[in-house]
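Here is a short report on one protein chain and its ligand. Please read it with the model open beside you.

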Amino acid sequence: MAENIVHLVLARVAGAPEGVKGISLFVVPKFLVGADGSPGVRNDVHCVSIEHKLGIKASPTAVLQFGDNDGAVGFLVGEENRGLEYMFIMMNAARYAVGLQGIAVAERAYQLAAAYAKERVQGRPVDGSLPGAGPIIHHPDVKRMLLTMRAMTEGCRALALAAAAEYDHAHAHPDAAQRKRSQAAYEFLVPLVKGFSTEMSLEVASLGVQVHGGMGFIEETGAAQYLRDAKILSIYEGTTAIQANDLVGRKTARDGGAVARSFAAQIEATEDALRSSGSAAALAMARRLGEGRQALLDVVAFVVERFRAEPNAVFAGSVPYLLLAGNLAAGWQLARALLVAERKLAAGEDAAFMRAKIAVARFYAEHVLTRVPGLRHSVVDGAAAVTGLPAEMF
Ligand SMILES: Cc1cc2nc3c(=O)[nH]c(=O)nc-3n(C[C@H](O)[C@H](O)[C@H](O)COP(=O)(O)OP(=O)(O)OC[C@H]3O[C@@H](n4cnc5c(N)ncnc54)[C@H](O)[C@@H]3O)c2cc1C
């Protein structure tokens, strides 16, 4: 399909130091290009099989064999032994991009489920609003599922955009101090965009199958494909636990929780604005954000205080901490959106769109943000329950 294929490969040169400090980066082409640019000799790198996978069937994950005959030729990229550092340039971009994949799959799953729920006729509405059976979207639980899907997807999308804005500021803001703050904020948010959005996409894709009922199990609808495709997102480019380790160690313990607490302070300012608005939706959001912010502060204090002395206890709660922080950060973005939507609604702009934004944000506050205090309890009070069972008892 392509004239040549270029593989970026991590490998060791002879005599390289042990471990990750001895890894270099190479370009290994399928064809060794001649001096005049013509595709030349076949290199000794061969695809020996294509993996059979749970999902993402259009992506050809392959087993490559290097140097089985005379030895594959690779060209060093940059300096020897700095391969892992170079790889992380790509990896950091990829982590953000995989978070976006999660949001994209979730959005598609939502659209499919919403369309189906308007068509599928089954059961009489509990309030008797229809004389006989009606479309399933009239059942409160189906609405709850669709709203969960929509609110989580919108929250994660807003979070990803907020992170992207920090990235832009980190690179292009005229004020050097702001560039530094934005870089730190972006680095804190990346494991949340990757870890939380991908875990969220699994829940959303699973709800998509649920909304379809038995038809969700039937390939014809396409709902199951999103669930299968979403599963890899919480695994590649670093599993959710690896994102959580990054959040706990490099992004929280290392600066004594400073960046995490600066987010809490910004969330508190949003709570004040919500209370000034005073609408039922804004007050509900302020209350749940406040509980979530306190939960974040408790968890950050726990991580910072115990990190050195009790690493097992801290890492037992790393994924719940990531889910807590991601959930709260996404909810905070929806709170900001709620305030903008209220202003625009009052100005008579696009009323239906603004009302939907407000309703979705309120749903997130009451049904998704409410999970945050439970996650806090798992981190702060639940460590002994994890560490208590020795490995040999499994
Ligand atoms: C379809 C597909 C495509 C891929 N594409 C690429 C690619 O293009 N390039 C590439 O380089 N790689 C690729 N990978 C590899 C992928 O990045 C890894 O599979 C992934 O990072 C997980 O690593 P692992 O398989 O070694 O799992 P392991 O590291 O063995 O993890 C197994 C389990 O243990 C947990 N675990 C491991 N270490 C820790 C820890 N320190 N703390 C807490 N929990 C831990 C993990 O979270 C996981 O639940 C691909 C994988 C798949 C399935």
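## The largest cavity

Three helices, α3 (176-211), α6 (258-277) and α9 (318-346), each supply at least two residues of the lining of the largest cavity. Helices here are DSSP runs of H or I with at least four residues, strands are E runs of at least two, and both are numbered from the N terminus. α9 gives the most, with four residues. The lining consists of Phe188, Leu189, Leu192, Phe263, Ile267, Leu296, Ala325, Leu328, Ala329 and Trp332. By class, that is ten nonpolar, no polar and no charged residues. Ala, Val, Leu, Ile, Met, Phe, Trp, Tyr, Cys and Pro count as nonpolar; Asp, Glu, Lys and Arg count as charged; the others, Gly among them, count as polar.

The volume of the largest cavity is about 60 Å³. The count comes to one cavity of 30 Å³ or more. The search runs on a 1 Å grid over the protein atoms alone: a cavity is a set of points where a 1.4 Å probe fits but cannot get out, a pocket is an open set with protein on both sides within 12 Å along at least five of seven lines, and lining residues have an atom within 4 Å of a point. Grid points are joined across faces, edges and corners, and a volume is the space filled by probe spheres set on the points.

## Model and overall build

This is a predicted model, in which local features need pLDDT of at least 70 and side-chain atom pairs count only at pLDDT 80 or more, while totals for chains, interfaces and linings use all residues. Residues are numbered from 1 along each chain as its sequence is written, and side-chain values use heavy atoms, with hydrogens and water left out.

The chain has twelve helices and seven strands. Its C-alpha trace spans about 75 × 55 × 50 Å along the principal axes. Of its 394 residues, 41% are buried. Buried means under 20% relative accessible area, exposed means over 50%, and partly exposed lies in between (1.4 Å probe, protein chains only).

## The ligand site

Which residues surround the ligand? They are Lys53, Ile56, Thr61, Ile232, Ile235, Tyr236, Glu237, Gly238, Thr239, Ala241, Ile242 and Asn245. A residue is near the ligand if one of its heavy atoms lies within 4 Å of it. By class, this shell has six nonpolar, four polar and two charged residues.

Two side chains place polar atoms by the ligand. An N or O atom in the Thr239 side chain is 2.7 Å from a ligand oxygen atom. A polar side-chain atom of Asn245 lies 3.0 Å from a ligand nitrogen atom. The ligand taken alone exposes 960 Å², and the protein buries 33% of that. Accessible areas come from the Shrake-Rupley method with a 1.4 Å probe; for residues, only the protein chains shown count as cover.

## The largest pocket

The largest pocket has a volume of about 370 Å³. Its lining is made of Leu8, Val9, Leu10, Leu25, Ser59, Thr61, Tyr86, Met87, Met90, Tyr236 and Glu237. β1 (6-11) and α1 (83-119) each supply at least two of these residues. By class, the lining has eight nonpolar, two polar and one charged residues.

## Two positive phi angles

Ile56 has a phi near 30°, a positive value in a residue other than glycine. Ile56 sits in the loop between β5 (45-50) and β6 (62-66). Ile56 is buried, at 19% relative accessible area.

Asn81 also has a positive phi, near 70°. Asn81 lies in the loop between β7 (75-77) and α1. Asn81 is partly exposed, at 24%.

## Helices α6 and α7

Leu289 is in helix α7 (residues 280-306). Leu289 is buried, at 0% relative accessibility. The C-alpha atoms of Leu289 and Ala365 are separated by 7.4 Å, with the two residues 76 apart along the chain. Arg293 is in α7 too. Arg293 is buried, at 12% relative accessible area. The side chains of Arg293 and Glu271 are joined by a polar contact of 2.6 Å. A polar contact is a pair of N or O atoms within 3.5 Å; within protein, one must be able to donate a hydrogen and the other to accept it, and residues adjacent in sequence count only if both atoms are side-chain atoms.

Glu268 is in α6. Glu268 is partly exposed, at 38% relative accessible area. Glu268 and Gln225 are 43 residues apart along the chain, and their C-alpha atoms are separated by 40 Å.
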